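User: I'm new to this one and would like a walk through it. Could you take me around the main features?

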Amino acid sequence: MHIIIRISRKLLRMRKSVLAATTILFVLLSSTIAYALEPDTFTHWFNALYWVLTTMATVGYGDYFMESIVGKIFTIFLYIFGIGLLSLIIGKIIDSLGEYNRRKEAGKLAYTGKNHVIIINWSKKAQYAIDELFSSNPELDIIIIDELEKHPHDHPQVHYVHGDPTRDETLNQANIQQAQSAIIFADSRIDDASLVDGKSLLVASSIERLSPQVHTTVEIMLENHIKNFHHIHINEFVLSHDAISRLAVRSALNEGNNDIINQLLNRRYGEDLFPIVPRPEWKTYGDAFQQLLSLGATLISDRNDMTINRKLSETIPTEARLFILCDDETYRKIAG
């Protein structure tokens, strides 16, 4: 008994890889010994392997069993050591799965995928953003970076990274180099708006330095800070309170147009804006406008220029980036 306890303690201290290799070696060696002891019983080495595994797993069917005294002693040996070893392996596997889930929940695991969207600073706005992203692309992987103690959003395609988003280690853990875009929300836990924008600026600067090709969108609290974000070449920025104020005024002055704007803001309902690649047969904006209209879509703008309905006779430039207004089904037909 003392020997068994000492062996068990040594097995418990083994690394998982060493323990797995030991178990495989034990099974193969035991199968070889069993076949050598009673070759007539098993007739083939594979049958001995099958008997060892069913014996260690305590699911023996009785189709093979040792008949000699030495064979029965060896069977007892398997009962004591084999079953214990297999139980230890199963326990290690369960413990590893538990440790993996604990590390994932705590945001300690690195993300290794690509073409994902990174959301920085968790809030209700971030949750709404995730819902919109999934309504646009249900297969998308999303990474949340924050300093919360546990994963804030339970979804199989949402990965959590715990850490300071201004640090290179945290951004690298989120695989910033392989991301398609990043959204930096204002940190609602900071009271001073200047400090909020200061933190967002640091995060944006870190992303620009590590991975300048990532499309970065930043929520900004104070309008006079916009020039600072332009300096580090942020792709897009959103003034935190500007959109809400403008929607409230439009709703008060013009009844009904708020519903139209809300449809454009929500991907799941109504029409939406989509980018479209100019076709070779479109020479002017009028050509594109008329053909798209016949397909059920409305040409809205070229980049941020929304006056092209007054420029229908003008030639479409080679660097044009057109946007249309339509539903998902129409866009799939046009793009496909």
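**Paired strands**

Analyst: A good place to begin is Ile145, which stands opposite Val161 in β3. Please keep in mind throughout that this is a predicted model.

User: OK, which strands are paired there, and in what sense?

Analyst: Strand β2, which covers residues 142–146, pairs with β3 in the parallel sense, and the pairing runs over five bridges.

User: And is β3 mostly covered or mostly open?

Analyst: Strand β3, made of residues 158–162, is mostly covered, since four of its five residues are buried.

User: What about the stretch linking the two, where does His153 sit?

Analyst: His153 is found in the loop between β2 and β3. His153 counts as buried because its relative accessibility is 13%, and buried means under 20%. Setting aside neighbours within four places in sequence, His153 is in contact with Trp122, Gln127, Ile130, Ile144 and Val158.

User: Let me zoom out. How many helices and strands are there in the protein chain?

Analyst: The protein chain has 13 helices and nine strands. Of its 336 residues, 36% are buried, and its accessible surface comes to about 20200 Å², with 58% of that belonging to carbon and sulfur atoms. Looking at contacts between residues at least 6 apart in sequence, 59% join residues that are at least 24 apart.

User: Which residues make the nonpolar patch on the surface?

Analyst: The patch is made by Leu29, Ile33, Leu37 and Val70, and it has an area of about 330 Å². Helix α2, residues 16–37, gives the largest share of this patch, namely three residues.

User: Why can Leu37 be part of a surface patch?

Analyst: Leu37, which is found in helix α2, is partly exposed, with a relative accessible area of 35%. Patches are made of residues with over 30% relative accessible area, so Leu37, at 35%, passes that cut-off.

User: Now Ala34, is that one buried or exposed?

Analyst: Ala34 is also found in helix α2, but Ala34 counts as buried, because its relative accessibility is 0%.

User: What is Ala34 in contact with, once neighbours within four places are left aside?

Analyst: Ala34 is in contact with Phe42, Ala48, Trp51, Met66 and Phe74. For Met66, the separation along the chain is 32 residues, while the C-alpha atoms of Ala34 and Met66 are separated by 8.3 Å.

User: A few aromatics in that list. How many aromatic pairs turn up in the whole structure?

Analyst: A search of the whole structure finds six aromatic pairs. Phe74 and Phe77 form a pair that is stacked, with 6.0 Å from centre to centre and 25° between the planes.

User: Why does that one count as stacked?

Analyst: A pair of aromatic rings is described by the distance of the centres and the angle of the planes. Planes under 30 degrees apart count as stacked, so the 25° between Phe74 and Phe77 puts the pair in that class.

User: And where do Phe74 and Phe77 lie?

Analyst: Both lie in helix α5, residues 69–105, where they are three residues apart, about one turn of the helix. Phe74 is buried, with a relative accessible area of 10%, whereas Phe77 is partly exposed, with a relative accessible area of 32%.

User: Last one: which residues form the aromatic cluster?

Analyst: Phe42, Tyr50, Trp51 and Tyr64 form one aromatic cluster, and two of the cluster residues, Phe42 and Trp51, are also in contact with Ala34.

Methods:
Residues numbered from 1 in each chain as written. Predicted model: local features only at pLDDT ≥ 70, side-chain atom pairs only at ≥ 80, totals over all residues. Heavy atoms only, no water. Patch = residues over 30% accessible without salt bridge, like charges linked within 9 Å, V, L, I, M, F, W, Y side chains within 5 Å. Areas by Shrake-Rupley, 256 points an atom, 1.4 Å probe, with all protein chains shown as cover. Salt bridge = Lys/Arg side-chain N within 4 Å of Asp/Glu carboxyl O. Buried < 20%, exposed > 50% of the residue type's maximum accessible area, 1.4 Å probe, protein only. Contact = heavy atoms within 4.5 Å. Pairing = 2+ DSSP bridges. Phe/Tyr/Trp six-rings, centres within 6.5 Å; stacked < 30°, edge-to-face > 60°.
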